[in-house]
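Q: Could you take a close look at one part of this protein with me? I would like to follow a single hairpin and what surrounds it.

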Amino acid sequence: MDKIRKHMIFHGDVQGVGFRWNAKYTAQHYGITGWVKNQYNGTVEMEAEGSPADLAALVEELKNARWVHVEHIDETNIPTEGGYGFEIR
């Protein structure tokens, strides 16, 4: 299956609630590569690469996480890069 890469900005109550750690471990579960980091404006930025189904599952789990409230996500498809892991920056 072909891989895609998405650049995403998560808006809402996404900082200080374990969002990045949850993103890392969920991405690893699905074999997704990329990174996640907090932004100064209270959003969380992420690039994730994997199959479309795995990326959809990752986003769904992040949106439904226990202490997180995602108001909306800005998503852009970007060129794939490959990679070997998922890191918190």
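**A hairpin up close**

A: Let's begin at the turn: in the hairpin of S2 and S3, five residues lie between the strands, and Gly 42 takes a positive phi near 95° there. Please keep in mind as we go that this is a predicted model.

Tyr 40 also sits in the loop between S2 and S3. With a relative accessibility of 90%, Tyr 40 counts as exposed, because the cut-off for that word is over 50%. If you want a sense of distance from here, the C-alpha atoms of Tyr 40 and Glu 61 are 24 Å apart, with the two residues separated by 21 positions along the chain.

Now to the strands themselves. S2 covers residues 33-38, and its pairing with S3 is antiparallel, over six bridges. Within this pairing, Thr 33 of the hairpin stands opposite Glu 49 in S3. S2 has another partner too: strand S5 (residues 86-88) pairs with S2 in the parallel sense over three bridges. On that side, Gly 34 stands opposite Phe 86 in S5.

As a general reminder, side chains in a regular strand alternate between the two faces of the sheet.

One residue of the hairpin deserves a longer stop. Glu 45 belongs to strand S3, which spans residues 44-50. Glu 45 is buried, yet it has no salt bridge. The nearest side chain of opposite charge is that of Lys 37, 4.0 Å away. What Glu 45 does have is a polar contact of 2.6 Å between its side chain and the side chain of Gln 39. Setting aside residues up to four places away in sequence, Glu 45 touches Trp 35, Val 36, Lys 37 and Gln 39, and also His 7, Met 8 and Ile 9. Lys 37 and Gln 39 are therefore names to look for twice when you inspect Glu 45: Lys 37 as the nearest opposite charge, and Gln 39 as the polar partner, with contact meaning heavy atoms within 4.5 Å.

For a companion view, turn to Glu 61, the far end of the distance from Tyr 40. Glu 61 is in contact with Thr 26, as is Leu 58, once neighbours of Thr 26 within four places in sequence are left aside. Thr 26 lies in helix H1, residues 19-30, and counts as buried because its relative accessibility is 6%. The side chain of Thr 26 reaches the backbone oxygen of Asn 22 at 2.7 Å.

Technical notes: Residues numbered from 1 in each chain as written. Predicted model: local features only at pLDDT ≥ 70, side-chain atom pairs only at ≥ 80, totals over all residues. Heavy atoms only, no water. Helix = DSSP H or I, 4+ residues; strand = E, 2+ residues; numbered from the N terminus. Buried < 20%, exposed > 50% of the residue type's maximum accessible area, 1.4 Å probe, protein only. Lys, Arg positive; Asp, Glu negative; His and termini not counted. Polar contact = N/O pair within 3.5 Å; in protein donor to acceptor, adjacent residues only side chain to side chain. Pairing = 2+ DSSP bridges.
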